[in-house]
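Reader: I'm new to this one and would like a close look at a single part. Could you take me through one helix on the inside and then show me what surrounds that part?

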Amino acid sequence: MIAYLVVFGASAVTSFAATPLVRWIAVRMGAIYQPNDRTVHAVPTPTLGGTGLYLGLLVGLGVSRTLPFFDAMNLGSAEPLGALIACTAILGLGFIDDLRGITALTKLTGQIFCAGTLVLAGVQLQYFVMPGSGGGPYSIVSLGADLAVPLTVLWVVAIVNAVNLVDGLDGLAAGMVAIASGTFFVYMVSSDSLFGTASAAALLSCITAGICVGFLPWNFHPAKIFMGDSGAMLLGMLVAIATISGVGRNPFPPSGGDLAVIAIPLLVPLLVLAVPFLDVALAILRRARRNIGLGQADKEHIHHRLMDIGHSHRQAVLLMYLWSTLIAGSALAVGLIDGRFAAGAVLMGAAVLFLVTALPRLIDRRRNQAGGGSLP
């Protein structure tokens, strides 16, 4: 854990220290995000914050190369180099979008290209856990290139866009990705892998959480800088690579034999990212119903709905953090804890969060009823 803490600290400190410099450069370049009717921001704000996140990634990967704990993993794993190549590519794509703007189709094409560079670097889904046959509780299916490549590209594009779409309030994407990465890190260091606890999935999750924590002081409401598409897509790429490494490239099966345990390798990354994925699904359904393009932005995401209910900007972000923590913690409990206490704690937490989420609307109803009752 000391090696992971060193990498986490180096990534966080670099991201924190580099972001003010990136902000100064963005102002000099005129990379300022102007308020419009699709955003909740009223003040022009510098963007290109993804550059600070990227510098934290570079330092985190560099520090891991100096630690003997990661030597075997760095020599035998393609993920660190693949992450460097794919993240550099997607940062460039986001940089262009932040500065000049690109169409949704062009962005999607660029995302597929970046996912392709990851595959060419040797990082792709290789295994799939399924209920077993012949008396065994499960079986591990080895994927051929005809399935592995398109599934890898689809997974990367899905996560990149999920993180990008959830980046609608100050500090929202950085905080939620930090929670997701931290949860997945705990799961991976508690699981078997080719290199023991020195897994590429845990390393990338540790770095991702670190750069998000370092960036948050500058990005939390009121934000001094936005991460932009460059930052959101970079974080999505890192989460995608970590989950591919931890689930689709890990030949070690889950322990146990019941259905829940067999489903853990798929449930954990899905539940960790449940809130962003739900937001994406609702956005697709909403735009399909209205017959408008998927790339057209609106103000009806989950975080916007929370503000419509009556929560402040910060309250909406903190509630999204809490929901993400609850769902990600549920995934962790399913994977690591066996007992009724964990299930009861999750249900109790969900009930409390439901109440807190709906509290402003409940207060308004009580006020309206009281006002109506006082009329002659």
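Author: Let's start with the buried residues of helix H6, which are Ala148, Thr152, Val153, Trp155, Val156, Val157, Ile159, Val160, Ala162, Val163, Asn164 and Val166. Keep in mind that this is a predicted model. Helix H6 covers residues 145-166, which makes 22 residues. From its first C-alpha to its last, H6 reaches 32 Å, close to the 32 Å expected at 1.5 Å a residue.

Now pick out two names from that buried list, Val156 and Val160. Both are in contact with Met237, and so we have a lead to follow. Leaving aside neighbours within four places in sequence, Met237 also touches Ala86, Cys87, Ile90, Cys114, Ala115 and Leu118. Met237 turns up again when you look at the largest nonpolar core, which has 77 residues: Phe70 and Met237 are the ones with the most contacts inside it. Helix H9 (residues 228-248) gives the most to this core, with 12 residues.

One of the partners of Met237 is worth a stop of its own: Cys114. You'll find Cys114 in helix H5, residues 104-120. Its relative accessible area is 2%, and since buried means under 20%, Cys114 counts as buried. Along the chain, Cys114 and Met237 are 123 residues apart, yet in space their C-alpha atoms are 9.0 Å apart. Not counting residues up to four places away in sequence, Cys114 touches Ala86, Ala89 and Ile90 as well as Met237.

For another helix on the inside, try H7, residues 172-189. Here 15 of the 18 residues are buried, so H7 is largely enclosed by the rest of the structure. The end C-alpha atoms of H7 are 26 Å apart, which agrees with the 26 Å that 18 residues should span at 1.5 Å a residue. Ser181 has its place in H7, and Ser181 is buried, with a relative accessible area of 4%. Beyond its neighbours within four places in sequence, Ser181 is in contact with Ser205, Thr208, Ala209 and Val239.

Finally, a look at the outside. Leu21, Trp24, Ile25, Met29 and Leu99 make a nonpolar surface patch of about 490 Å². Helix H1 (residues 2-29) gives the most to that patch, with 4 residues. Take Ile25, which sits in H1: this residue is partly exposed, with a relative accessible area of 36%.

Note on methods. Residues are numbered from 1 along each chain as its sequence is written. This is a predicted model: local features need pLDDT of at least 70, side-chain atom pairs count only at pLDDT 80 or more; totals for chains, interfaces and linings use all residues. Side-chain values use heavy atoms; hydrogens and water are left out. Patches are made of residues with over 30% relative accessible area and no salt bridge: like charges are joined within 9 Å, nonpolar side chains (Val, Leu, Ile, Met, Phe, Trp, Tyr) within 5 Å. Accessible areas come from the Shrake-Rupley method with a 1.4 Å probe; for residues, only the protein chains shown count as cover. A salt bridge is a side-chain nitrogen of Lys or Arg within 4 Å of a carboxyl oxygen of Asp or Glu. Buried means under 20% relative accessible area, exposed over 50%, partly exposed in between (1.4 Å probe, protein chains only). Contact means heavy atoms within 4.5 Å. The expected span of a helix is 1.5 Å times one less than its number of residues. A nonpolar core is a set of buried Ala, Val, Leu, Ile, Met, Phe, Trp, Tyr and Cys residues joined through side-chain atoms within 4.5 Å.
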